[in-house]
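Hello,

Here is the structure I promised to pass on. My notes on the ligand site follow below.

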Amino acid sequence: MRKIALLTSGGDAPGMNTVIHVVVRSSMAYGIDVMGVERGFDGLIKDEMKLMNRASIEGIMQRGGTVLKTGRSEEFRTEEGRLQAVKNLKLHGIEAVIVCGGDGSFNGALELSKLGITVICIPCTIDNDMGYTDYTIGFDTAVGTVLDAVSKIQDTASSHDRSTIVEVMGRNCGDIAVYAGLTVGAECVLIPEIPIKPEAVCQKIIEAKDRGKSHGIIIRAEGSDISTDELADLVYAETGIEVRKVVLAYVQRGGSPSMMDRLRACLLGHEAVKLINEGSESAAVGIKDDHPIRIDLKEAVDTPTICNLKLIELSEHLSK
Ligand code: F6P
C-alpha cells in the first residue's frame, strides 16, 4: 500500500479541516494510506503520526480549526530537526508529504524537499499573502467574519454617531482589509502596502461627517505603519471626533468555512493527491481564475505577494 503524510502548520485557517477530509477521501479512492501528523512539523520530528480512516474525518468538513492541530516549529528550523523528520518519514515508508499552511510552512516544506522528500503544499491561511495563487483557503471565511462584525459595529456606531477603527489581521498583506473595506463601504482602508498619510485619513472623516455620515468606518490592517491607538489619538487631536477602536484578532481565524473556502479545499486537496498519484516532484497547488493550478514549490515560495490594489482604487472612488 502506498503511504503519504498530511500535516497542517502555522496559523490555523477555516477550511483546513475540509482539506483534511478531502485528502483522506481522495487518497482512499487512489488506494493510498494517509498518516495524519500532529502539530505540524513538530509532529514529524517527534514521530507523532497515525493512520487516518473514515472515522478520523467524520463530521470535520464543516468545522473551523484543524483536527490535526498546528504550530510553528522552532526545532524544524534546525538541520538536526529536519534530518530527524526525514528519518521518521523513511521509517514509516512515506513517499510524500502534503503540507497545509502559509508562507512559513511553505518555506519549511521547501527545506524538507531539499532533503529528498516529495512535498506538495496547499495554501491555507487567512492572510491571502501567497502571490502565486489568487486565493488561499481561509481568506474568504475571515473576510466574511469581518463583514459580520462590522455590520454589528455599524448598528451601535450609528446609534451613537461614532466613528470606529476596526483592526484586522493579515500580517504584511492588506487583502483582508481591502476586501472587507470595499464591501462594508468603509470611509478609509489602511494597508501595509501603501504608506499612510494621517492628514488624508482625518480629511476623509471630516468629509464623511460633512456629508451627514457621523459613523464612519476605518479598516486598518494590522501591518499598517501607524498603530490603531496612534491613529485614534491623531484623529481626535486633529478633528475633535472621538473614534472607538475594535481589534478583531483571533475571531477572524475561527468559524465554519464558507462555501468558497470549502470549494477551494475540495479542488486543492484533490489536486494535491492527484499530483502524488502521478509521481510528481515537489510542488504547490493554487487557484488561478477559479481553476486549480500546479507550480514548482520554489517558484511558489519566490513569487512576491501584493494585495489587490485595484480594489483599493475602487474603494477610494466609492467613498467620495
Ligand atoms: O498568519 C495568520 C495570522 O492570523 C496573521 O494574520 C497574524 O498576524 C498571525 O497569524 C498571528 O499569529 P499567532 O497565532 O502566532 O498569534
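**The ligand site**

Ten residues need no searching: around the ligand sit Arg 72, Thr 125, Ile 126, Asp 127, Met 169, Gly 170, Arg 171, Glu 222, Tyr 250 and Arg 253 (near means a heavy atom within 4 Å). This is a predicted model, where local features need pLDDT of at least 70, side-chain atom pairs need 80 or more, and totals for chains, interfaces and linings use all residues. Numbering runs from 1 along each chain as its sequence is written, and side-chain values use heavy atoms, without hydrogens and water.

By class, the shell has 3 nonpolar, 2 polar and 5 charged residues (Asp, Glu, Lys and Arg count as charged; Ala, Val, Leu, Ile, Met, Phe, Trp, Tyr, Cys and Pro as nonpolar; the others, Gly among them, as polar).

Polar contacts (N or O pairs within 3.5 Å) reach oxygen atoms of the ligand. A polar side-chain atom of Asp 127 is 2.7 Å from one. For a polar side-chain atom of Arg 253, the distance is 2.8 Å. A polar backbone atom of Gly 170 lies 3.1 Å from a ligand oxygen.

Arg 253 also forms a salt bridge with Asp 12, 2.9 Å from N to O (Lys or Arg side-chain nitrogen within 4 Å of an Asp or Glu carboxyl oxygen). The structure holds 18 salt bridges.

Best regards

Conventions:
A polar contact is a pair of N or O atoms within 3.5 Å; within protein, one must be able to donate a hydrogen and the other to accept it, and residues adjacent in sequence count only if both atoms are side-chain atoms.
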